[in-house]
Amino acid sequence: MGVIVQSGIHSASSSIRFFLQTHEKRHQPHTSGYTNLQVSSTTLPKLSSSKLSTAPKVFEAIPDIENINSTYAWNNLIKTHLGHHHYVLFIYQNMLLRGFRPDKHTLPRILTASRNFDTLCSGKQIHAHALKFGFGSDKYVITALMEMYGFFEGADSARRVFDQFASQKNSVSWTLMARLYSREDKPGLAIETFHQMVTLGASGEERDLSVIDAVALSTVLVACGRLKALQEGKKIHEIARKSELESDVLVSNSLLKMYLDCGSIKDARLVFDRMQEKDIISWTAILRGYVKNGGFNEGLKLFRLMNSEGIKPDSLTVSSVLPACSRLSAQKHGREIHAYSLRNHVDSNIVVQNALIDMYMKSGCTESASKIFDGMSEKDTISWTIMILGYSLHGQGKVGVDLFEKMKNMGTVELDDTAYVAVLCACNAARMVEEGLYYFKFIRKPKIEHYAIVVSLLSRSGLFDKARNFIDEHQIEWHKEVQRELLAGCRIHKNTKMAKRVIERLTELEPLNAENYVLLMNMYASNSKWDDVKNVREMIRDMALRPKRAYSWIESHNKLHVFGVGDVSHPRSERIYYELHRLMEKMKEEERFVPDKDFSMHDVDEERECISIGHSEMLAISFGLISTKPGTTLHITKSLRVCCSCHSSAKIISKIVGREIILKDPDRFHHFKDGMCSCEDFW
């Protein structure tokens, strides 16, 4: 328990003596029945000379200090200076020296100050004072002691104090105990503590829902969310309903967050719709939940509704909705939200600026992202990392590597694993092998996805022997991520022999993944082995597997137009195909274009005659050409990887029509312009 204060506390500390010597004429100590009380030098931590020199100013600033003649007045003085814990301890020492006895309101404040003093010793000494002055079982003091011991020694130490005073347990101490468990990432114990409170009641005698308050419910709901315990969370929800606290805004927001953390957007929306009072926390939480779970359109709708109901979005709300605009088709919405942030002066917030950069990079506007980045007065690691990854995504890996070197040379930003992963991706995009292998060494705890990037770098550069050696060295052969990156290199360099082995390995790793069998079919199809194609297709049918279908979409006049392979359902299909035929003839005449065959993620029936005329991306391009003004950049998204023939066609079309075509597939952006592509045909 530390040093126990003996009756008739002995000699004053040198710091107190100094204070009294310099102030004895102005401040005569009050006795109030404690003429024999003195402060021991071991009772409280000594003040350093620098703190000692400033502490008397606290008293000098208070008029008529000699008139402070009650514990109540000293408590107010302590409360006023709680933000300066050294002052609080100094005031407390002088309070004792002047003969005033602390009460149940004094000691909790001193314990708070001792916690801020960052030393357990002083806290234990105050505990000794609590025992000496007879407040060891006071509920306010017990709660303060629990907080102090929980802060320094952890929840188990706080629990010992809690369990020693069963008769003094109340909702505050129960809730504090649950919060301490949550803080130590023990959500299960936090939930158990809450149920003990409900079952035993505050006094530990009987079940009593009246002890439950909004803070207790909020604390346990956070624990449920962290544990992703949906059913347990629903039980707490029922308790909140029975205790008539469901409509409390704190409880409602906690319920909302709990359901979102547990992945139940449906239950979260029910809570949100029933809320009688919604604040900015409520709106931001539900909006963020939809965006995080892919409900981009609903997230944008809620953002507009929030504005219309007079709730002003803050920087967190704006940064939460911007990911919904990180798509080619939602670029316009992203610009609208950017404009909102400018009008409402939240654009200078670094979190918003980072979200804007990320949104522009992912929606294809590298220039807008770069402009925001260059104009930032303060950049953190996230800012630099987003830019480096963004350039990699757009095939400008060398720019990303140069940016990383600039960040490193500045020396003002911490280089964490995320930053090194970003520059590794940039090296992969630029096929900078030596640099990539060098940066990889700085990743302290590489994961399988980081190893896969190195395999991609080596295989895309045609270094298959090095790739195999790297895989063997790190024993990562039996990971699908690694095999897929190896396959990408095989596709680029037409290494059909290795590709066949890789695809067969993938079917072993994921026997129920239809995409692997599609790859195998297309491998056979590219070599005209149609009997093998037939056998694999029958296998897919027998296993009831469903391969992914390829879709592409483009926005025109505020409407999204979606195309499948060989799609003739569009109202302008006749004009779309006419334009494609015209372009194909022109490509053959002027560029001597011959459609290429490859094995990709398309269905084999599409690949057997891999001509650009029927693929979804070509239909979207053709629609864009006939629906927009000459010179307009086309923005197209595709659900699957673009095939070699369509890639070659898009390059030539960009040259013939004099337009830039930006096509995004699941892995990267392809900027087709003047007959070239930003990926340099390595994708």
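This text describes a set of paired strands and then the cysteines of a predicted model. Local features are given where pLDDT is at least 70 and side-chain atom pairs where it is 80 or more, whereas totals for chains, interfaces and linings use all residues. Residues are numbered from 1 along each chain as its sequence is written, and side-chain values use heavy atoms, without hydrogens and water.

Strand E1 spans residues 551-556; strands here are DSSP runs of E, at least two residues in length, numbered from the N terminus. In a regular strand, side chains alternate between the two faces of the sheet. The covered face of E1 carries Ser552, Ile554 and Ser556, while Tyr551, Trp553 and Glu555 belong to the uncovered face.

E1 has antiparallel partners in E2 and E3, where pairing requires that DSSP find at least two bridges between the strands. With E2 (residues 559-564), six bridges are formed. These two strands make a hairpin with two residues between them, and histidine 557 in the turn has a positive phi of about 50°. With E3 (residues 634-638), E1 shares three bridges. Tryptophan 553 stands opposite valine 562 in E2 and opposite threonine 637 in E3.

A disulfide is a covalent bond between the sulfur atoms of two cysteines, and the criterion applied is a pair of cysteine sulfur atoms within 2.5 Å. The model contains zero disulfides by this rule. The sulfur of cysteine 224 has its closest cysteine sulfur in cysteine 262, at 7.0 Å, and is therefore too far away for a bond. Cysteine 224 is buried (under 20% relative accessible area, with exposed over 50%, partly exposed in between, and a 1.4 Å probe on protein chains only) at 0%. Cysteine 262 is also buried, at 17%.

Methods:
Helix = DSSP H or I, 4+ residues; strand = E, 2+ residues; numbered from the N terminus.
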